[in-house]
Amino acid sequence: RNCGPNPLIARRLLGMFFPTQWSARDPKVLDWKALVKLSRPGWWLVTIWLYLAPTGGRYDLLASLPFWCGLVYALFPLNLLVYGLNDYTDIAIDAANDRKGNFMYGAKCTPEQLRTLPQIIVVFMVGGATGLALLTGKYVEMVQWLVLCFSVNLAYNVEPFRLSSKGPFELPCVVAGFAGCTWLGIIVNDVPTCSTGFWAHLTCLVLRTQIWTELLDYAPDAACGRRTTSTLVGERASQVLVVLLLFMEVLVTFYFFDDWLMRLFSVLGLVVFIGLELVKGTSDREKKTAMKMQNAVGLSLVLWIWHKAIFAGR
């Protein structure tokens, strides 16, 4: 008599929470394709940037299992928490958002599809963090990090706080959340914290990206009465805010970092935004194209910064 685990029962138990197909083509079924979309691969470059920042120049880490496991964990479980929980609480708003439904801006799902998403997020986050703790021996640090991550994301997305709809209070919350990705890189790879310049640059980067993405959603957010910083100050003022933050980013870059390529990219970012958004104006399709180009070019900058250890602590 076989007393071992029954594969059929195991598959059914997993199927209660996790997708069993890549593309189910059923509006009531959450598949892996939608789950990956929820993690927004179009924004993975930001996660790579933040995770790699404290490890700059450490070529020895490329042969380290914790390094790669931490990067994979940051790309999927962590991004699924950050963006998936946001989509879980924004189902009604996203239903009227034409940008949704792709790998760039996230999935457009039904309530039935997202019914088990919180459980999936918890399993991935806790399970992955446990694995990293076992690999690194950083049990206390990983518990502290996990508590911070859940706290920030719950405060941003879930009542009674739901800071995502209480602008401008979402801004410091977003900065803290993205800083958590860098903290993960520090813990997992046992490296010093980043330079002061990095944290100043991170703040400018996250704030201008947040307001820019709110600007992209200005029409649907305004239509449903959602109060983000962008809808609070208005569309034109939001564009001006992005320009000011990009200018601050340029100042931070020139003050802290003596690197010609990083300075060039920073100035070009300011010039291109002014040219495309304030002078010319862009359609949603053009914005998607610009973002894809930004990701392609940005990856080369990430690799350059990592090679030169520009952000790494000493």
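A salt bridge is here a side-chain nitrogen of Lys or Arg within 4 Å of a carboxyl oxygen of Asp or Glu, and in this predicted model D90, R162, D221 and R226 are linked in a network of such bridges.

**View 1. The salt-bridge network of D90, R162, D221 and R226.** The count of salt bridges in the model comes to 9. In one of them the side chains of R226 and D90 meet, with a nitrogen-to-oxygen distance of 3.0 Å. Because R226 lies in the loop between α10 and α11 (229–233) and D90 in the loop between α4 (65–89) and α5 (91–95), the pair ties together parts that are 136 residues apart in sequence. R226 counts as buried, with a relative accessible area of 11%, and D90 is likewise buried, at 2%. D221, another member of the network, is placed in helix α10 (residues 218–223) and is buried, with a relative accessible area of 4%. Leaving aside neighbours within four places in sequence, D221 is in contact with I93, E214, R226, T228 and T231.

**View 2. R162 and the two cis peptide bonds, E159 to P160 and G167 to P168.** R162, which also belongs to the salt-bridge network, sits in the loop between α7 and α8 and is buried, with a relative accessible area of 15%. Most residues other than glycine have a negative phi, and most peptide bonds are trans. R162, although not a glycine, has a positive phi of about 40 degrees. The peptide bond that joins E159 and P160 is cis, with omega about 15 degrees, and P160 is found in the loop between α7 (139–157) and α8. A cis peptide bond also leads from G167 to P168, with omega near 10 degrees, and P168 too lies in the loop between α7 and α8. The side chain of E159 meets that of K166 in a salt bridge, 3.5 Å from N to O; E159 is exposed, with a relative accessible area of 52%, whereas K166 counts as partly exposed at 27%.

**View 3. The salt bridge between R208 and E249.** The closest N and O atoms of R208 and E249 are 2.9 Å apart. The pair links distant parts of the chain, with R208 in helix α9 (residues 196–216) and E249 in helix α12 (residues 235–256), 41 residues apart. Both R208 and E249 are buried.

**View 4. N189 and its surroundings in helix α8.** N189 is placed in helix α8, which covers residues 170–189, and counts as buried at 6% relative accessibility. A polar atom of the N189 side chain lies 2.9 Å from the backbone oxygen of G185. When neighbours within four places in sequence are left aside, the residues in contact with N189 are Y51, T55, L61, P66 and F67.

**View 5. F311 and A309 in the segment after α14.** F311 is located in the segment after α14 (284–308) and is buried, with a relative accessible area of 2%. Not counting residues up to four places away in sequence, F311 touches W49, A53, C194, S195, F198, H201, F257, M262 and I305. Although F311 and F256 are 55 residues apart in sequence, their C-alpha atoms are 9.9 Å apart in space. A309 is also in the segment after α14, where it has a positive phi of about 55 degrees although it is not a glycine, and it counts as buried at 13% relative accessibility.

**View 6. Cysteines C109 and C194 in a model with 0 disulfides.** The sulfur of C109 is 18 Å from the closest cysteine sulfur, that of C224, and is therefore too far away for a bond. C194 is in no disulfide either, the nearest cysteine sulfur, in C181, being 11 Å away. Both distances can be set against a cut-off of 2.5 Å between sulfur atoms. C109 is buried, with a relative accessible area of 13%, and C194 counts as buried at 6%.

**View 7. A nonpolar surface patch made by W260, L264, L268 and V272.** The patch has an area of about 420 Å². W260, one of its residues, is placed in helix α13 (residues 260–280) and counts as exposed, at 60% relative accessibility.

Technical notes
Residues are numbered from 1 along each chain as its sequence is written. This is a predicted model: local features need pLDDT of at least 70, side-chain atom pairs count only at pLDDT 80 or more; totals for chains, interfaces and linings use all residues. Side-chain values use heavy atoms; hydrogens and water are left out. Patches are made of residues with over 30% relative accessible area and no salt bridge: like charges are joined within 9 Å, nonpolar side chains (Val, Leu, Ile, Met, Phe, Trp, Tyr) within 5 Å. Accessible areas come from the Shrake-Rupley method with a 1.4 Å probe; for residues, only the protein chains shown count as cover. Helices (H or I, at least four residues) and strands (E, at least two) are DSSP runs, numbered from the N terminus. Buried means under 20% relative accessible area, exposed over 50%, partly exposed in between (1.4 Å probe, protein chains only). A polar contact is a pair of N or O atoms within 3.5 Å; within protein, one must be able to donate a hydrogen and the other to accept it, and residues adjacent in sequence count only if both atoms are side-chain atoms. Contact means heavy atoms within 4.5 Å.
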